[in-house]
Amino acid sequence: MWILEEGQILPYLRSHYPVFDQSGPVDIQCIGALEGEEKPREPDEGGLINYIFRVSNGKQSVIVKQGRSASRKNDKIVLPIWRNRQECETLRLRHAIVPQYTPETYYVDWENAIFLMEDVSDLAQVRKLLCSGVMLPRLAEQVGEFVAASTFYCSEFYLEADLFRRLSARFRNSDMRSIMEDWVFLRDAPYLTHNGNPVLKQLIDRDESIRVCCYELRHKFMTRGEALIHGDLHTSNVFADEERLKVIDMEYTFAGPLCYDIGYFAASLLTQYCTACFRPFPSEGARRTFLSYLLSSLLELYYSFVEHFTEFWREDAKPIYQRSGGFCEHLARGFLPDVLGFAAVPCFPQITTSLTPEFAQLDGKARGQAHELCLVLSRYLLLERERWDTMEDAVQAIGAVTQIYLDCLE
């Protein structure tokens, strides 16, 4: 197996991808270099488990990604090399469905677990933008459309049953999805550093109501194979500007619940909201504007997903479902509790086991208060998720509970 290090990138491209012009200067960046490597790790890239290089000659720029059996973050964690092939395959599949939201793949090398893909660095990582207070007007609508399209057209509602079963089997992805099953729902994974909030960790671990709900949603995650999902759709895996958006990092893809990706992305917005209540802003007016933007984005994210999913159903559902009358509307009425549950659960490990960039912005007392607010809101959404009839009700509840919490601090 050809092990790619920075010095081997250009010889590899000459041998395997000669259309990349090396006649002039070529810049190579190791994305998220670890301690001791030639270039420092960028913020929010501590979770990288693959080896990723950006190679540019001034006219062409490509991403070279290699998956190896040992995780880049912890060489004691053994991962299946075929995850690289599955990620490339799902990128190609999603690109066929939503090319406007998915990077193009240029070259695949199965033998060495390498593929080359479009460089999206002309866009910015959404997590970094939000942490800087940048408001992207089309973010929620675009993510909602991406998820609706990539799930509907990879579901049995559109595909023939046998093809959908074969697709599900192809992307069973047991090793990768087990990471999420343990980390998201049980807050337990071999790579965790447990550098979160130890006091709140004890509260969460002892809360039987949280535990029961987490197991309920974990069961849905493990058994409800409704569509091919991204599996790790958070703001670090989305790059955007005011007009365009691209989604990356699809190695966790498998057939899972329709609403998981929307809920998981909503969790990123919720943690942004909790930290924005306490981090510095130019003015209180600017803070209120940003908080209002995040709450509006939660609404738009949900309704964009529902509306696009319904639209795709009307246009392209199989005849058996076209004849089913109000089944699509019946299905959509059940989305809200799952979205809220899948939004709440990922917040708990972010409070207890890992210092995500949102919380890392804050120090001492402010970070503790953001953790507390996140716990209060996540627990409330989780336990009351069956209570609300509309997403507006849930978002209004988030605002009301937030105000009560802030009032108690005064």
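This tour moves from the whole chain to its nonpolar cores and then to a surface patch.

The model is predicted, so local features need pLDDT of at least 70 and side-chain atom pairs count only at pLDDT 80 or more, while totals for chains, interfaces and linings use all residues. Residues are numbered from 1 along each chain as its sequence is written, and side-chain values use heavy atoms, with hydrogens and water left out.

Begin with the whole protein, coloured by secondary structure: there are 17 helices and 10 strands, taken as DSSP runs (H or I, at least four residues; E, at least two) numbered from the N terminus. Of its 410 residues, 57% count as buried, meaning under 20% relative accessible area with a 1.4 Å probe and protein chains only.

Next, select L139, Y273, F305, F309, W313 and F335, which touch the most other members of the largest nonpolar core, a set of 116 residues; such a core joins buried Ala, Val, Leu, Ile, Met, Phe, Trp, Tyr and Cys residues through side-chain atoms within 4.5 Å. Helix α10 (residues 284-316) gives the most to this core, with 13 residues.

Now centre on F335, which, leaving aside residues up to four places away in sequence, touches L258, C259, Y302, F305, V306 and F309, where contact means heavy atoms within 4.5 Å. A second, separate core has 15 residues, including F20, C30, V55 and L116.

Finally, go to M1, in the segment before α1 (9-16). On the surface, M1, I3 and I81 form a nonpolar patch, its members having over 30% relative accessible area and no salt bridge (Lys or Arg side-chain nitrogen within 4 Å of an Asp or Glu carboxyl oxygen), with nonpolar side chains (Val, Leu, Ile, Met, Phe, Trp, Tyr) joined within 5 Å and like charges within 9 Å.

Conventions
Areas by Shrake-Rupley, 256 points an atom, 1.4 Å probe, with all protein chains shown as cover. Buried < 20%, exposed > 50% of the residue type's maximum accessible area, 1.4 Å probe, protein only.
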